[in-house]
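Here are some notes for a colleague who is about to look at this entry. They are set out as numbered points, to be read alongside the coordinates.

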Amino acid sequence: MSIDWTALGQVTAVSVGVTVAVVVVFALGVLGLARCEGAREDGGSTSTLGVAQAGLCFLACAAVVAYGIYLIVPQFH
């Protein structure tokens, strides 16, 4: 049995790339939550931009995870 090393390398590269991208987007969501807390501690109301940033980032992460589960579980096809 021969292994197609090119395909294995491509799968590895895509997996690492997507993982890094999801972690960065999640970190931006946490940054948005920190922005909300910072605004609240400064005596102001919550930062609308921070809430929107966190919501969009967490929604994007959830969508990527849901798509990954869809691709892995054959009953969803």
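The points below take up the helices, their packing, the cysteines, the pocket and a few individual residues.

1. Status of the model. The structure is a predicted model, and the remarks that follow should be read as statements about that model.

2. Helix 1. This helix runs over 5–41, and for its 37 residues a rise of 1.5 Å a residue leads one to expect a span of 54 Å, with which the 53 Å between its end C-alpha atoms agrees. Just after helix 1 comes G43, whose phi is positive, at about 95°.

3. Helix 2. This helix covers 48–72 and has 25 residues, with 36 Å between its first C-alpha and its last, close to the 36 Å expected at 1.5 Å a residue.

4. Packing between the helices. The buried residues of helix 1 are G29, G32, C36 and A39, and these buried residues pack against helix 2. On the other side, helix 2 has G50, Q53, A54, C57 and C61 as its buried residues, and helix 1 is included in what covers them. An α-helix has 3.6 residues a turn, so residues three or four places apart point the same way. With that in mind, the reader may wish to look again at the positions of G29, G32, C36 and A39, the buried residues of helix 1, and at those of G50, Q53, A54, C57 and C61, the buried residues of helix 2.

5. Cysteines. How many disulfides does a search of the whole structure find? The search finds 0 disulfides. C36 is in none, and the nearest cysteine sulfur to that of C36 belongs to C57, at 12 Å. C57 is likewise in no disulfide, its nearest cysteine sulfur being that of C61, 6.9 Å away. Since a disulfide requires the two sulfur atoms to lie within 2.5 Å, neither the 12 Å for C36 nor the 6.9 Å for C57 meets that cut-off. As for exposure, C36 is buried, with a relative accessible area of 5%, and C57 is buried too, at 11%; both values fall under the 20% that defines a buried residue.

6. The largest pocket. Its space comes to about 170 Å³, and its lining is made up of V18, V22, V64, V65, Y67, G68, I69, L71 and I72. Helix 1 and helix 2 each supply at least two residues of this lining, but helix 2 gives the most, with 7 residues. By residue class the lining divides into 8 nonpolar and 1 polar, with no charged residue; G68 is one of the lining residues, and it is the polar one because Gly is classed as polar.

7. F58. Is F58, which lies in helix 2, buried or partly exposed? With 27% relative accessibility, F58 counts as partly exposed, because this value is not under the 20% required for a buried residue. Leaving aside residues up to four places away in sequence, F58 touches F26, G29, V30 and L33; one of these, G29, is among the buried residues of helix 1. F58 and F76 are 18 residues apart in sequence, and their C-alpha atoms are 23 Å apart in space.

8. L59 and L31. L59, also found in helix 2, is exposed, with a relative accessible area of 58%, and its C-alpha is separated by 22 Å from that of A39, which is 20 residues apart from it along the chain. L31, in helix 1, is partly exposed at a relative accessible area of 45%. From L31 to V16 there are 15 residues in sequence and 22 Å in space, C-alpha to C-alpha.

9. Q75. This residue lies in the segment after helix 2 and, at 64% relative accessibility, counts as exposed, because the cut-off for that class is over 50%. The C-alpha atoms of Q75 and V24 are separated by 30 Å, the two residues being 51 residues apart along the chain.

Technical notes. Residues are numbered from 1 along each chain as its sequence is written. This is a predicted model: local features need pLDDT of at least 70, side-chain atom pairs count only at pLDDT 80 or more; totals for chains, interfaces and linings use all residues. Side-chain values use heavy atoms; hydrogens and water are left out. On a 1 Å grid over the protein atoms alone, a cavity is a set of points where a 1.4 Å probe fits but cannot get out, and a pocket is an open set with protein on both sides within 12 Å along at least five of seven lines; lining residues have an atom within 4 Å of a point. Grid points are joined across faces, edges and corners, and a volume is the space filled by probe spheres set on the points. Helices (H or I, at least four residues) and strands (E, at least two) are DSSP runs, numbered from the N terminus. The expected span of a helix is 1.5 Å times one less than its number of residues. Buried means under 20% relative accessible area, exposed over 50%, partly exposed in between (1.4 Å probe, protein chains only). Contact means heavy atoms within 4.5 Å.
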